[in-house]
Amino acid sequence: MQARGYLRRKIGKNVNLFVIITSIRKASNTLFVGILTTKVQTFLAINTWRASICTRPMFDQVNLGPHTEPIRKMIYDSDPKSVTDYPIFFMTYVNDNQMPKDLIAHPQTRRTKDGLLVYVFIIGGIIYNFYVNSSRHFPPDHVLEATIKPGNEMYLYHIPPGRGWDLLLDFMG
């Protein structure tokens, strides 16, 4: 497959995105330390960028607009930029046994209360929110605190059991 070959060239032959040295689990989140920051950010930027340029109806809500070229360049150069440029916020509902673990949902574009664009992807019980920063809107503090950091750490927030369906139903409309 052409995309897999491109991904291997950009990320490396061994597409091993997460090398977890430490995982600290709390009730509401898990801190991952030792992840391969640049590779994870590049992988998720590739997914978002490809969804944006794709003509398939499943990806019709993902349109990076003026951010298409800067993100393409970021991918090409394997340069994740500043934490504030394109932060990624992760959530999961996999701890809830009543939730589907094999769901891949139609990605959506949302706006924060402050007007910041965010592209939401649900893949296998993990929800990743790809924020697109602008000069007028800034990511919320909780996103900046939890996004993938240059120090090779990130947070995965756990949706409380019983609340995952609320999130999915809201997401599906």
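**Exercise 1. Find how many salt bridges the structure holds, and describe the two in helix α3.**

Step 1. Searching the whole structure gives 5 salt bridges. The structure is a predicted model.

Step 2. One of them joins the side chains of Glu69 and Arg72, with 2.5 Å from N to O. A salt bridge requires a side-chain nitrogen of Lys or Arg within 4 Å of a carboxyl oxygen of Asp or Glu, so a pair at 2.5 Å qualifies.

Step 3. Both Glu69 and Arg72 belong to helix α3 (residues 68–77), where they are 3 residues apart, about one turn of the helix.

Step 4. Lys73 and Asp77 also meet through their side chains, at 2.8 Å from N to O. They are 4 residues apart in helix α3, again about one helical turn.

Step 5. Now classify the four residues by relative accessibility. Glu69 has 45%, Arg72 has 32%, Lys73 has 47% and Asp77 has 40%. Partly exposed covers the range between under 20% (buried) and over 50% (exposed). Glu69 is therefore partly exposed, as are Arg72, Lys73 and Asp77.

**Exercise 2. State which parts of the chain are linked by the salt bridge between Asp170 and Arg110.**

Step 1. The closest N and O atoms of Asp170 and Arg110 are 3.5 Å apart.

Step 2. Asp170 sits in helix α5 and Arg110 in strand β4, 60 residues apart, and the pair thus links distant parts of the chain.

Step 3. Asp170 is exposed, at 52% relative accessibility, whereas Arg110 is partly exposed, at 28%.

Step 4. As background, side chains of opposite charge can pair when their charged atoms come close.

**Exercise 3. Describe the second largest pocket and its lining.**

Step 1. The volume of this pocket is about 450 Å³.

Step 2. Its lining has 18 residues, and those closest to the centre are Met91, Arg110, Val118, Asn129 and Tyr131. Arg110 is also the partner of Asp170 in the salt bridge of Exercise 2.

Step 3. Two or more lining residues come from each of β3 (88–92), β4 (108–111), β5 (117–123), β6 (126–132) and α5 (164–172).

Step 4. Sorted by class, the lining of the second largest pocket contains 10 nonpolar, 3 polar and 5 charged residues.

**Exercise 4. Describe the cavity and list what lines it.**

Step 1. There is 1 cavity of 30 Å³ or more in the structure. The largest cavity encloses about 30 Å³.

Step 2. Gln41, Ala45, Met74, Pro80, Tyr86, Ile88 and Phe130 line the largest cavity.

Step 3. That lining is made of 6 nonpolar residues and 1 polar residue, with no charged ones.

**Exercise 5. Examine helix α2 and its share in the largest nonpolar core.**

Step 1. Helix α2 (residues 37–53) contains 17 residues and spans 24 Å from first C-alpha to last, close to the 24 Å expected at 1.5 Å a residue.

Step 2. Its buried residues are Thr37, Val40, Gln41, Thr42, Leu44, Ala45, Ile46, Thr48, Trp49, Ala51 and Ser52. Gln41 and Ala45 are also in the cavity lining of Exercise 4.

Step 3. The largest nonpolar core has 24 residues; Ile71, Ile88, Phe90, Tyr119, Tyr128, Phe130 and Ile148 touch the most other members.

Step 4. At least two core residues come from each of α2, α3, β3, β5, β6 and β7 (153–158). The most are given by α2, with 6 residues.

Step 5. In soluble globular proteins, nonpolar side chains tend to be buried together.

Conventions: Residues numbered from 1 in each chain as written. Predicted model: local features only at pLDDT ≥ 70, side-chain atom pairs only at ≥ 80, totals over all residues. Heavy atoms only, no water. 1 Å grid on protein atoms, 1.4 Å probe; cavity = no way out; pocket = protein on both sides within 12 Å on 5 of 7 lines; lining within 4 Å. Points joined across faces, edges and corners; volume = space filled by probe spheres on them. Nonpolar A, V, L, I, M, F, W, Y, C, P; charged D, E, K, R; others polar. Buried < 20%, exposed > 50% of the residue type's maximum accessible area, 1.4 Å probe, protein only. Expected span 1.5 Å × (residues − 1). Core = buried A, V, L, I, M, F, W, Y, C linked by side-chain atoms within 4.5 Å.
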